[in-house]
Amino acid sequence: MLDVVDNEVAIRYIRGKAAINPEAFGQLPAALKVRAFTASGIEDLQALARIRDMIAELPAGGDWSKIKNGIAAVIGGDQQGAKARAELLLRVNGFQAYSAGRYSQQQYMAVIFPYWRYSCMNDDRVRDGHKELDGKIVPADDPWWDTHYPPWEWGCRCMVTQLTKRQAEGLGGVCDVSKLPGAPAKSGYGFHPKNLTVNLDQVKEKYLPAEWMCFCAAMRKTPVQTYGNPEQTAWDWLWQDYDRKDLAEVKGLKTERLIARDYATGDVVARSHGTNDYVSEGNIFDVARAAQVRMAVLHNHPGGDHLVSPQDLATTLANSDACQRLTVVGETRYSVVEVLEPIRLDADEMVLLLAHFRKNYRDALKKLEDAGLIRYTEIKRTF
């Protein structure tokens, strides 16, 4: 049985996965599948999210049997079969989470422990190809680990331990990597913890422009459920990569900064610098109209407030034909206004709208949502 490890990295890894239906999961490239959670035959996102959250209890010190039974209850149907599926989900996702935590620690400590030793479980369930690697010592920075860091095949339970140079020599020294098995045959399984650091721009490099547009469009139609948040689209979930990147640009600034991206592709279209409490959008909306695209605009609030201001909201709606999404980032949360139905306002209407927002901001947000004009979400920052 998998040892229960109190591992914050593993907990964050599991909770950080977006619950997504199996068909949509299959459309994701391998670099993004490690961030998503699904289970065959289960289409309901809330059910998938409940299973994911129960699995996250394992590295937090939860009881294996209790968690397994809870997952089986969500799966439903024949309980013997449901418990077998629950066991598999726990093992696969549990080992992946443990691997994510171990890999992060081992990368950090590679200067002190520059060698890694492969270890299998040494029982009758171990595949021959995995048993063949037992005890092999390979430098931590060798590309061989890119295809063989456990769990590198479905159901793999192998482990990696880190060694100093002296420890490696005492165990027989480094093996001849050229004599080890090469990359495994391609399959639907493609887990590697290093993919957790792959960003959306790197994923985009693998696509032709037209293919990327099709992928983005498909993600905008795909619902996902992230931990502690309401249902959103897969594109909004993936867009957090751009939020992370843009946040790094504005982090620690004493003034507001605005970054505008083409919402269809993620390409940066414009940047603007402001004061400590204001930033102008300049002519970015005119640029968007000329290019016949809609923008996603992000800006920071140096004071830490994540709420979209009345001015932000009025400007977004006044330019909703050119603005698809507005994100305002605070210290611990961020707010997203997604425009569902574009409207255009003249200058006088803009003044009246702004006055109304300032008078009763929350009521105005609710009315706009009820009318189907916007979707407003406040999200916990995980970056």
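**Figure 1. Pro302 in the loop between S10 and H14 of the predicted model.** Pro302 is found in the loop that links strand S10 (295-300) to helix H14 (310-318). Because its relative accessibility is 27%, Pro302 counts as partly exposed. Leaving aside residues up to four places away in sequence, Pro302 touches Leu253, Lys254, Thr255, Glu256 and Asn276. Val351 is 49 residues from Pro302 in sequence, and the C-alpha atoms of the two are 26 Å apart in space.

**Figure 2. Helix H13 and its buried face.** Helix H13 spans residues 284-291, and Ile284, Phe285 and Ala288 are buried in it. Viewed down the axis of H13, the buried residues fall within an arc of 100°, so they line one face of the helix. An α-helix has 3.6 residues a turn, so residues three or four places apart point the same way. The cover over the buried residues of H13 includes three strands, S8 (257-262), S9 (268-273) and S10 (295-300). Helix H14 (310-318) and strand S11 are also among the elements that cover them.

**Figure 3. Gln292, the residue that follows H13.** Gln292 lies in the loop between H13 and S10. Phi of Gln292 is positive, near 60°, in a residue other than glycine. With a relative accessibility of 74%, Gln292 counts as exposed, because the cut-off for exposed is over 50%. Ile284, Phe285 and Ala288 of the preceding helix H13, by contrast, are buried.

**Figure 4. Strand S12 and its two antiparallel partners, S11 and S13.** Strand S12 (residues 333-339) is mostly covered, with 6 of its 7 residues buried. Strand S11 (residues 323-329) runs antiparallel to S12 and is joined to it by 5 bridges. The two strands S11 and S12 form a hairpin, with 3 residues between them. Val329 has Tyr334 of S12 as its bridge partner. Strand S13 (residues 374-380) is also antiparallel to S12, and 7 bridges join this pair. Here Arg333 has Lys380 of S13 as its bridge partner. In a regular strand the side chains alternate between the two faces of the sheet. S11 also appears among the elements that cover the buried residues of H13.

**Figure 5. Helix H4 and the elements packed against it.** Helix H4 (residues 45-55) is mostly covered: 8 of its 11 residues are buried. These buried residues are Leu45, Ala47, Leu48, Ala49, Ile51, Arg52, Met54 and Ile55. Arg52 is thus listed with the buried residues of H4. The helices that the buried residues of H4 pack against are H1 (8-15), H5 and H6 (79-108). The strands in this packing are S1 (18-19), S2 (36-37) and S6 (223-224).

**Figure 6. Trp64 in helix H5.** Helix H5 covers residues 64-75, and Trp64 lies in it. Trp64 counts as buried because its relative accessibility is 5%, and the cut-off for buried is under 20%. Leu90 is 26 residues from Trp64 in sequence, while the C-alpha atoms of these two residues are 8.4 Å apart in space. H5 is one of the elements against which the buried residues of H4 pack.

**Figure 7. Two loops with backbone features at Pro151 and Asn122.** A cis peptide bond joins Pro150 and Pro151, with omega at about -5°. Pro151 has its place in the loop between helix H8 (145-148) and strand S5 (159-163). Asn122 is not a glycine, yet its phi is positive, about 55°. The loop that holds Asn122 runs between strand S3 (115-119) and helix H7 (128-131).

**Figure 8. The whole protein, as context for the close-up views.** The secondary structure comes to 16 helices and 13 strands. Taken along the principal axes, the C-alpha atoms fill a box of roughly 80 × 50 × 40 Å. Of the 383 residues, 47% are buried. Among contacts with a separation of 6 or more, 66% are between residues 24 or more positions apart. The accessible surface is about 18900 Å², and 51% of this area belongs to carbon and sulfur atoms. There are 48 positive and 50 negative side chains, and the centres of the two sets lie 4 Å apart.

Terms used:
Residues are numbered from 1 along each chain as its sequence is written. This is a predicted model: local features need pLDDT of at least 70, side-chain atom pairs count only at pLDDT 80 or more; totals for chains, interfaces and linings use all residues. Side-chain values use heavy atoms; hydrogens and water are left out. Helices (H or I, at least four residues) and strands (E, at least two) are DSSP runs, numbered from the N terminus. Buried means under 20% relative accessible area, exposed over 50%, partly exposed in between (1.4 Å probe, protein chains only). Contact means heavy atoms within 4.5 Å. Accessible areas come from the Shrake-Rupley method with a 1.4 Å probe; for residues, only the protein chains shown count as cover. Lys and Arg count as positive and Asp and Glu as negative; His and the chain ends are not counted. The place of a charge is taken as NZ of Lys, CZ of Arg, CG of Asp or CD of Glu. Two strands pair if DSSP finds at least two bridges between them. The arc is that of the directions from the helix axis to the C-beta atoms.
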